[in-house]
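Good morning, and thank you for coming. I would ask you to look at the structure for a moment before I begin.

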Amino acid sequence: MKALLSSIMSLAIITGTFLIPANVKEASAAAAGDVVVNEVAWMGTTTSYNDEWMELYNPTSSAIDLSGWSLKTQDGSVSVNLTGTIPAKGYYLLERTDDDTIPYLAADMIYSGTLGNSNEALELYDSQNSLIDSVNAWYAGDNTTKATMERINPAADGNSSTNWRSSTTSYNGGYGTPKALNSGSAQTTEHINHVSEDLGAINVYFNKSALTQYASAGNEANYNVNLENRLIKRLNSATKSIDLATYEINLPRIIDTLMQKAAQGVQVRILADAKDATDPNYIERYETMRLDLEKMERGEDGVLGTSDDVHIFSDSPMFAVEDAAKRAQYGLPSDLSDIPTQTVMVGNTSTTGHLFVNGEEKSAGAYYSPDHQMHNKFANIDNDWIFTGSWNFTVTGLYGDDANMEQGILDGNQQHSVEIHSPELAAAYLTEFNEMWGSSTTQPDAAAANFNTRKVDNTPHVFTIGGKKVELYFSGGDDALGHLANLVKNEADYSAYFTIFAWSDQALVDELKNKWEGSYLDKTGTLTGFDVKGVYDSSYWNQWWSASVEMRGVTASQSSTDNPNTRWNNPAPVFPDNETRKMHAKTMIIDADTTSDPTVVVGSTNWSTNGNTNNDENMLIIHDTAIANQFVQEFDARYESAGGQVN
């Protein structure tokens, strides 16, 4: 449908003897600032200092014909006669000598000449030889790290030193954002376009950019959103109860908010994931989380067992951090006498320590190991609102690091959050929470609690919320991925777009293969016209078990019964992400911008056996045209950044 709309918009209008596309501004109609020099790799790349490239950006709402335009240095070392068109809100990439500088992107222009490393100046002229933009010095960029010089604000003066910075986004040539939003762009401003408090409201938030030119009328997405602020706003609305299930938590403002609500008399219960304290990947983060959890459990008065305490339970027991210096940093008492030392069996290991968060018991004094993950990230507020999605409530998840958090810079993993105003949906989440908690009171029941594979399918799955059909599936027990595979098989008619952190589930990729090329068999099939596009987290892009390997028709380095390497005969246009950090979403959009029940799949569930069976997860399937379109806007930004062609 997007392609159809694009075709309609591009219908030519007759002007004299020429055909001028209706949405393309003629070269003679350009004004200063209509196209700007947006990024310059004057230092080349990590591959070669000769691999220089430049990028132009069109901030206007119309495509611009660059015929007769020129880009040149004042000293004449580079002089390029431009051709072609630069899209509205789009980019134009110039690569020196050949098209191999950025292998995953096609250059719009190949040029010759050399950019100097100092005392250089660029000027952009239109077909009437009018100066459209200029940059009179290299104000940023780094020749050692090969970080490009990025423009901060396309509307501000290109000759101002304060309007440029060195890129902080990694790509295959160093640091830069070819044909993607600049890491220092003013376009990272938060945009809140649609939020409702009404019963039946579904509010969607993205922490990264979105291409709102693909929005349906009046349906611009909420993007560049500080998800922490949205969650705190929702938590602060609680008057009775907050049930929070979190894989990890270390954001100080959220922790303070939960403590404040508990002190106000709101019942606050937290389900947390107990990570392996000896795992080198988690030692520091695990200590931080335990310190924060103990702080909340003690409440604002710092005393265990009083009315202002936050109540906490886990899938496996947690032991207090004993380091006196670290405890002092968190305002915790050095004396741990109020948390008795215990020796218990955790998995097959006898463990001794100050056990301050109880976990699901195998039997009296014996607990399950923390091998599986309580991977949920949801909050149930007053059994009225649900806040969920892919976002972990962490510094790295939203900001990237502490320095960014202090400045409010959203340079964390790519995420989404969804909040839904539905007591019926909240009741299902409450049932799930209590199944893991082991009771419906503030006190968990370790003997009655059930996590991951020990859970049962005990909640309704189909709801009508604000006139929209919404499906809900929990892991383990509900076979969430089986329902997703059936959705693709039985309901997808035109397209499936996805962004995914980790994908190894074979049934789901096989159903997409059959839609794509009419066959479930290895290296067999003919294109059907069904549209598949996707972006994978780059860290899992080449793993032998990843669905990306099969979709590209690649022979895997190994195979297994569950992952037999059923290669696609016609490789699909899927890409590794080009994000600053992790591509952390678990999102699929079905039949977007069509009349065939547009649907979006969201939540915490990675598309794997662990995600479906072993971990504790939640998956929402939302059938709604407007919400699917909002996810398309964010998907298109990720897809374009990864090197995909947006229709």
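**Salt bridges, a helix and a hairpin**

K533 and D531 are both buried. Their side chains meet in a salt bridge, with 2.8 Å from N to O. Please bear in mind that this is a predicted model.

The structure holds 23 salt bridges, and I shall discuss several of them. As general background, side chains of opposite charge can pair when their charged atoms come close.

Let us turn to R151 and D133. The side chains of R151 and D133 form a salt bridge of 2.9 Å, N to O. R151 belongs to strand β14, residues 149–151, and D133 to strand β13, so this pair ties together parts that are 18 residues apart in sequence. Is D133 buried or exposed? D133 counts as buried because its relative accessible area is 8%, under the 20% cut-off. R151 is buried as well.

D133 has a further partner in the backbone: its side chain reaches the backbone nitrogen of V37 at 2.9 Å. Leaving aside neighbours within four places in sequence, the residues in contact with D133 include V35, V36, L122, E123, L124 and G158.

The next pair is D243 and R269, whose side chains meet in a salt bridge of 2.8 Å, N to O. D243 lies in strand β19, residues 241–246, and R269 in strand β20, so the pair ties together parts that are 26 residues apart in sequence. D243 is buried, with a relative accessible area of 2%, and R269 is buried at 1% relative accessibility.

Salt bridges that share partners also join E294, R298, R327 and D338 into one network. Two of these names bring us to helix α4, since E294 and R298 are among its buried residues.

Helix α4 spans residues 283–298 and has 16 residues. From its first C-alpha to its last, α4 reaches 23 Å, close to the 22 Å expected. Other buried residues of α4 include Y286, M289 and L293. What covers the buried residues of α4 includes α3, β20, α5 and β24. Just after the helix, G299 takes a positive phi of about 75°.

I shall finish with a hairpin. Strands β30, residues 462–465, and β31, residues 468–475, pair in the antiparallel sense over 4 bridges. V462 has E471 in β31 as its bridge partner. Which side chains of β30 are buried? F463 and I465 point to one face and are buried, while V462 and T464 point to the other and are not. Between the strands of this hairpin there are 2 residues, and G466 takes a positive phi near 60°.

Notes. Residues numbered from 1 in each chain as written. Predicted model: local features only at pLDDT ≥ 70, side-chain atom pairs only at ≥ 80, totals over all residues. Heavy atoms only, no water. Buried < 20%, exposed > 50% of the residue type's maximum accessible area, 1.4 Å probe, protein only. Polar contact = N/O pair within 3.5 Å; in protein donor to acceptor, adjacent residues only side chain to side chain. Contact = heavy atoms within 4.5 Å. Pairing = 2+ DSSP bridges. Expected span 1.5 Å × (residues − 1). Salt bridge = Lys/Arg side-chain N within 4 Å of Asp/Glu carboxyl O.
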